[in-house]
Amino acid sequence: MQYRLFLLAVFAFNVLFISCQSGREQANGGKTPAEVSEEKLDSLMNLMTLDEKLNLIHASSSFTSGGVPRLGIPELVFSDGPHGVRHEHGRGWYALEDADDKATYLPVGICLASTWNKDMGYIYGEVLGNEAKERNKNVLLGPGINIIRSPLNGRNFEYLSEDPYLTGIMAAGYVKGLQDQGVAACPKHYAANNQETDRHNIDVIVSKRALHEIYFPAFRAVVQDGGAWSIMGAYNKINGQYTTHHEYLNNVVLKGEWGFDGVVVSDWASVKNTREALLYGTDIEMGTELLRDFNNPEYDEFYLARPAKEMIENGEIDESFVDEKVRRILRLMHRTTAMTDHGPGKRNVPEHQQIALEVAREGIVLLKNDDLLPFDKSEIKTIAVIGHNATRHFAERGGSSQVRSLYEITPLEGIQNLVGDDVEIIYAEGYEPYYDESLFADITGDAASQSRENRRDVELARTANKKLMQEAVDLASKADAVIFVGGWIHGHDGMPWGEGTYDAEARDKLNLKLIFGQEELIRQINSVNDRTAIVLMGGSNVEMSNWLPDSRAYLHAWYPGMEGGQAIAEILFGEVNPSGKLPMTFANSHEEYPSHSVGEFPGYKTVKYTEDIYVGYRYFDTRNKEVVFPFGFGLSYTTFAFSDLKLTKKDNKVVVECTVTNTGDREGAEVVQVYVHPKQPSVDRPVRELKGFEKVYLDPGASARLNIELDESAFKFYHPDELKWLLESGSYEIQVGNSSRDIKLTGNVDW
Ligand code: GLC
């Protein structure tokens with residue numbers, strides 16, 4: 001009898017699979033194939049035993065979750081990361097040294113956001129989808145879309161902005177570009193994972209209003225606008241429950257209100273409770289083996305393996321909760337390259353490298369220029385290039401987002417390539433990342449590790465290599481022009497990964513002080529040569545008050561990817577006109593940010609988001625606080641004028657029209673930003689919020705008439721007591737400008 005049942009099952013499956021197969025489309029240009037019907041999903045699932053279903057809902061290796069070989073269902077293959085397909089791990093945790101895994105290393109997420117180019121999100125995602133597909137990955141673990149709440153978060157480089165609207169627009173495009181290639185996006189980390197300190201346990205205490213107005217919107221955008229096929233949970237708790245299996249986040253909001261029909265993937269080892277994971281929306285558990293023996297992981301011990309089976313078999317949890325997970329996983333598999341042919345991928349091709357260059361060109365931000373840039377190489381005989389970051393490679397740093405880049409053009413190489421033999425270039429390191437253990441010989445024992453890190457940061461912020469500094473200053477004094485390349489280092493030489501790293505996963509910075517004595521070095525260079533351009537790398541800002549006033553030019557380059565050095569050189573020498581705009585506010589010190597001055601950061605066991613919705617410019621502008629460079633700010637080598645604002649209200653939309661003119665003598669691009677200011681709100685609301693933007697490219701003297709639509713949602717707020725979105729009648733000012741602090745045109749509309 002058993003055998004006959006088995007034969008019947010196999011026959012039924014073959015009928016089903018053939019129909020799936022016939023449902024398979026050779027995706028034309030990677031378009032998502034027709035969705036698989038619910039009946040087919042259930043038919044396939046009903047062929048499975050409980051063990052086979054459980055096999056699907058947890059890891060089967062470091063970067064795969066289980067399949068069902070008997071039924072021809074493959075494992076699901078995951079890979080980091082948000083700005084490049086990570087190196088091969090095989091089935092273990094450590095990187096395979098001899099794999100064919102060189103890849104395109106795109107500029108990091110915050111550089112992508114700094115382009116404010118809506119099309120760039122899709123283009124960026126498309127590159128990643130092609131490269132992931134070529135490497136036989138089904139799910140790419142990105143984009144990182146957590147809000148930049150504090151400039152100290154070690155992973156800000158991987159994220160996009162302090163503003164949820166800008167984050168959502170760029171991320172939704174990225175998701176579409178990636179998934180049109182048949183690779184699932186997995187936007188992360190849902191939600192309020194805004195620090196690395198104690199990330200596995202910290203409990204974020206935050207209001208529902210702040211969740212809905214600040215920390216949710218980008219996730220809603222990637223689900224409802226981007227159509228994300230998976231979402232990654234976070235390590236932290238929110239209001240007492242782990243986010244990866246959070247009833248409100250997953251069941252009520254994500255899968256309920258937003259209608260998400262994809263898969264919630266845990267972060268690696270973020271599942272902490274079998275019952276909650278079964279009941280509250282975790283669909284695949286990854287990574288727990290990291291907590292045990294990397295080389296002999298016990299997959300049966302995963303929370304969603306044997307412990308889950310026991311709960312179901314003893315009737316504590318109904319099997320239907322597993323069925324719902326399996327249905328979602330099969331739906332995801334059918335959408336992706338796991339079970340549908342999306343055509344061949346491409347990797348390390350010139351067009352991908354060109355896109356890396358374009359993102360860097362448009363994402364690097366010119367913040368100061370006192371009549372110094374662009375350099376005219378015909379007027380320069382000798383350039384001093386100074387700074388360790390001028391020759392440092394960043395691709396394999398930063399933590400899980402690391403990429404084995406096919407190549408990486410450093411700023412020094414980019415400058416050499418551009419000026420060629422016409423100009424003599426002399427390099428000096430100026431400062432060096434180092435870790436002098438002797439500084440801490442007196443600190444022993446595990447309990448002192450935090451104070452050791454504190455001491456280390458303080459020491460390294462102050463300690464400089466005097467010899468390197470003097471050599472660099474001497475060189476600067478003799479050059480026609482100086483280019484200093486410094487900033488954060490995206491990891492720390494000589495330190496174990498995850499400890500003492502700067503601008504990297506698993507650790508936050510302790511302050512924004514320039515490290516390794518760079519501040520003194522910049523001051524001394526400026527004192528001997530007033531034709532000095534400062535270029536800083538990093539996932540956020542640094543303290544500037546001690547060196548910026550005496551500096552004539554400052555470019556923030558983030559981590560600009562494999563072509564970053566080329567783009568930096570092109571901007572410094574005027575072959576490219578910079579058009580990047582800050583996606584986060586640059587204040588002078590971390591204490592000035594609301595997460596530190598009003599709220600808590602990083603907290604201890606709990607972290608209270610007392611600043612609530614007042615994050616970034618929402619705080620600085622509403623409370624009239626001084627900043628060094630505002631949200632949305634960025635300079636150009638040309639100038640622009642805004643004129644002729646016209647507001648038209650129709651069909652519950654407001655159409656914002658205005659004209660932008662290039663009033664300078666060279667081509668350039670401007671970002672027109674539209675903010676909404678409620679004039680008589682019934683509850684406390686930010687003085688302005690970004691609700692629309694367009695980037696426009698203009699030849700000298702040319703004008704463009706822009707048309708930006710705002711729908712009702714642009715005027716709504718989440719009521720703190722009624723706990724729902726409301727559109728309040730009244731007058732609203734529409735503010736059009738090129739930063740949150742530079743409003744050029746205003747007009748009023750009434751609701
Ligand atoms: C890490 C990160 C996550 C990454 C995952 C797999 O802990 O938090 O962003 O995708 O593990 O490497």
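Around the ligand in this predicted model stand 14 residues, and of these Asp80, Arg155, His189, Tyr235 and Asp267 come nearest. By residue class, the shell around the ligand divides into five nonpolar, two polar and seven charged residues. Three basic side chains can be followed one after another from the oxygen atoms of the ligand: an N or O atom in the side chain of Arg155 is 2.8 Å from a ligand oxygen, an N or O atom in the side chain of Lys188 is 2.9 Å from a ligand oxygen, and for the side chain of Arg199 the corresponding distance is 3.4 Å. The ligand taken alone exposes 310 Å², and the protein buries 96% of that.

Two of the residues just named, Lys188 and His189, also deserve attention for their backbone. Most residues other than glycine have a negative phi, and most peptide bonds are trans. The bond that joins Lys188 and His189, however, is a cis peptide bond with omega about 0°, and His189 lies in the loop between strand 5 (184-185) and strand 6. In the loop between strand 5 and strand 6 one also finds Ala191, and the peptide bond that leads from Tyr190 to Ala191 is cis, with omega near 0°. A further backbone feature concerns Asn136, which is not a glycine and yet has a positive phi of about 60°; Asn136 belongs to the loop between helix 5 (118-134) and strand 4 (139-140).

From the loop that carries His189 the reader can move on to strand 6 and its sheet. Strand 6 is part of an open sheet of four strands, whose order is 9-8-6-17 and whose pairing is mixed. The edges of this sheet are formed by strand 9 (241-242) and strand 17 (606-608), each of which pairs on one side only. Between strand 6 (residues 203-205) and strand 17 there are three bridges, and these two strands run parallel. Within this pairing, Ile205 stands opposite Lys608 in strand 17.

Which strands make up the open sheet with the order 18-19-22, and how are they paired? Strands 18, 19 and 22 form this sheet of three strands, and the pairing is antiparallel. Its edge strands, each pairing on one side only, are strand 18 (640-650) and strand 22 (703-711), and the twist from one strand to the next averages 20°. Strands of a sheet pair through backbone hydrogen bonds, either parallel or antiparallel. Nine bridges join strand 18 to strand 19 (residues 653-662), with the two strands running antiparallel, and the bridge partner of Ala641 in strand 19 is Thr661.

Aromatic side chains offer another way of tracing contacts through the model. When ring centres within 6.5 Å are taken as the criterion for pairing, the count comes to 29 aromatic pairs. One of these is formed by Phe78 and Trp268, whose rings are 6.0 Å apart from centre to centre with 85° between their planes, an arrangement that is edge-to-face. This pair links distant parts of the chain, 190 residues apart: Phe78 is in strand 3 (residues 76-79), whereas Trp268 is in the loop between strand 10 (263-265) and helix 10 (274-279).

Notes: Residues are numbered from 1 along each chain as its sequence is written. This is a predicted model: local features need pLDDT of at least 70, side-chain atom pairs count only at pLDDT 80 or more; totals for chains, interfaces and linings use all residues. Side-chain values use heavy atoms; hydrogens and water are left out. A residue is near a molecule or strand if one of its heavy atoms lies within 4 Å of it. A polar contact is a pair of N or O atoms within 3.5 Å; within protein, one must be able to donate a hydrogen and the other to accept it, and residues adjacent in sequence count only if both atoms are side-chain atoms. Accessible areas come from the Shrake-Rupley method with a 1.4 Å probe; for residues, only the protein chains shown count as cover. Ala, Val, Leu, Ile, Met, Phe, Trp, Tyr, Cys and Pro count as nonpolar, Asp, Glu, Lys and Arg as charged, and the others, Gly among them, as polar. Two strands pair if DSSP finds at least two bridges between them. Axes are lines fitted to C-alpha atoms, for helices over the stretch in contact, and angles run from 0 to 180 degrees between N-to-C directions. Rings of Phe, Tyr and Trp (its six-membered ring) pair if their centres lie within 6.5 Å; planes under 30 degrees apart count as stacked, over 60 as edge-to-face and the rest as tilted.
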